[in-house]
Amino acid sequence: MEFIIAAIAGYLFGCINPATIIAKIKKVDIRNIGSKNPGASNVFITVGIGYGVIVGILDILKSFLAAQIVFMLTGGNFGASVFAGAMAVFGHNYPFWLKFNGGKGFAPFMGLILFYDWKLFLVFAVIVVAIILIIDYISVATFSLTAFMPLYVFFTSELKIAALAFLLVAVTIWIRHRQ
C-alpha cells in the first residue's frame with residue numbers, strides 16, 4: 001500500500017510544472033518557443049536566467065518534497081520514498097495535463113539525489129555548474145550523472161529497489177533527451 005501511495009503522490013507532485021506556470025505569468029507559452037520543452041532549460045534560455053533558476057529550484061524541490069513527504073507518511077520507508085521521488089520525475093516528464101509532454105527530467109532527478117544523499121547532491125551540483133560554465137552543454141552532465149547514479153546506488157546500497165528506481169528514471173530521461 002505504501003508504494004501505491006508513493007506512486008500516486010510522486011506522480012502528482014511531478015505533474016506540477018513551474019516552467020509552464022512562470023512562462024504563463026510572463027505571457028509566454030513555453031511549449032511554442034525555444035526548444036518547446038516545458039522545463040528549466042527552456043525557461044532559462046527563452047524567458048530569462050533568473051526565471052530559469054527559479055524553475056530549476058522548484059523542479060528540484062518537487063521530487064525532493066514528494067520523497068520527503070512519503071518518508072514522513074510511511075514512518076520512514078526509504079524505498080517507498082525513493083520510489084515517490086522517481087515517480088515525481090516521471091510525472092515531470094509525462095504530466096497528464098500537458099498531454100504527457102513535459103520536461104526532460106534532469107532537475108527533478110537532482111531532487112531525487114538530494115533526498116537520497118545531500119552530500120552527493122552537492123558534489124553533482126558543482127559538477128553540473130562546472131560543465132555548464134566550461135562547455136555550456138548541460139546534456140553532458142545529464143547523461144553522465146544519470147548513467148552513474150543507478151550504478152552507484154546498486155553497488156553501495158542494500159536497497160535494490162532504489163537502484164531500480166534510479167535506473168527507470170534514467171531511462172525516461174534518456175528517452176526525453178533523444179532529440
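Me: Where in the chain is Asn37 found, going by the helices on either side?
Reply: Keep in mind that this is a predicted model. Reading along the sequence, you pass one helix after another, in the pattern α-α-α-α-α-α-α-α-α. Asn37 turns up in a stretch linking two of them, namely the loop between α2 and α3.

Me: Is Asn37 buried or exposed?
Reply: Let's use the cut-off: buried means under 20% relative accessible area, and exposed means over 50%. Asn37 has a relative accessible area of 9%, so it counts as buried.

Me: Which residue has its backbone oxygen 3.4 Å from a polar atom of the Asn37 side chain?
Reply: Start with what Asn37 touches, not counting residues up to four places away in sequence: Ile30, Asn42, Gly102, Gly103, Lys104 and Arg176. One of these offers its backbone oxygen to a polar atom of the Asn37 side chain, at 3.4 Å. That residue is Gly102.

Me: Lys27 is in a loop too, so is it buried or exposed?
Reply: Lys27 sits in the loop between α2 (18–25) and α3 (40–46). Its backbone has a positive phi of about 60 degrees, although Lys27 is not a glycine. With a relative accessible area of 77%, Lys27 is exposed.

Me: What is the phi of Phe100, roughly?
Reply: Phe100 lies in the loop between α5 (78–93) and α6 (106–116). Phe100 is not a glycine, yet its phi is positive, at about 65 degrees.

Me: How many residues of α6 are buried?
Reply: The list of buried residues in α6 includes Phe106, Phe109, Gly111 and Tyr116. The count covers the whole helix, so α6 is largely enclosed by the rest of the structure. The number of buried residues is eleven of the eleven.

Me: What covers the buried residues of α6?
Reply: We've just met a helix that is largely enclosed by the rest of the structure. Other helices take part in covering its buried residues. The cover includes α4, α5, α7 (118–135), α8 and α9 (160–176).

Me: Which residues is Thr146 in contact with, leaving aside its neighbours within four places in sequence?
Reply: Thr146 belongs to helix α8 (residues 138–156). Thr146 is buried, with a relative accessible area of 0%. Two of its contacts, Phe106 and Phe109, are among the buried residues of α6. The full set is Phe106, Phe109, Ala170, Ile173 and Trp174.

Me: How far is the backbone oxygen of Thr142 from a polar atom of the Thr146 side chain?
Reply: The Thr146 side chain also reaches the backbone oxygen of Phe143, at 3.4 Å. For the backbone oxygen of Thr142, the distance to a polar atom of that side chain is 2.6 Å.

Me: How far apart in space are Val70 and Ala80, C-alpha to C-alpha?
Reply: Val70 lies in helix α4 (residues 49–73), and it is buried, with a relative accessible area of 1%. Leaving aside neighbours within four places in sequence, Val70 is in contact with Ala6, Ala9, Ala80, Ser81 and Ala84. So Ala80 is one of its contacts, and although the two are ten residues apart in sequence, their C-alpha separation is 7.1 Å.

Me: What separates the C-alpha atoms of Ile49 and Ser81?
Reply: Ile49 is found in helix α4, and it is exposed, with a relative accessible area of 56%. Along the chain, Ile49 and Ser81 are 32 residues apart. Their C-alpha atoms are separated by 31 Å.

Me: Let's zoom out: what is the radius of gyration of the protein chain?
Reply: The C-alpha atoms fill a box of roughly 45 × 35 × 25 Å, taken along the principal axes. With 179 residues, a compact globule would have a radius of gyration near 16 Å. The chain agrees with that, because its radius of gyration is 15 Å.

Me: Among contacts between residues at least 6 apart in sequence, what percentage join residues at least 24 apart?
Reply: Buried residues make up 48% of the 179 residues in the chain. Now take the contacts between residues at least 6 apart in sequence. The share joining residues at least 24 apart is 65%.

Me: How much of the exposed area do carbon and sulfur atoms supply?
Reply: The protein chain exposes about 9,100 Å². Of that area, carbon and sulfur atoms supply 74%.

Conventions: Residues are numbered from 1 along each chain as its sequence is written. This is a predicted model: local features need pLDDT of at least 70, side-chain atom pairs count only at pLDDT 80 or more; totals for chains, interfaces and linings use all residues. Side-chain values use heavy atoms; hydrogens and water are left out. Helices (H or I, at least four residues) and strands (E, at least two) are DSSP runs, numbered from the N terminus. The radius of gyration is taken over C-alpha atoms; the globule rule is 2.2 Å times the number of residues to the power 0.38. Buried means under 20% relative accessible area, exposed over 50%, partly exposed in between (1.4 Å probe, protein chains only). Contact means heavy atoms within 4.5 Å. Accessible areas come from the Shrake-Rupley method with a 1.4 Å probe; for residues, only the protein chains shown count as cover. A polar contact is a pair of N or O atoms within 3.5 Å; within protein, one must be able to donate a hydrogen and the other to accept it, and residues adjacent in sequence count only if both atoms are side-chain atoms.
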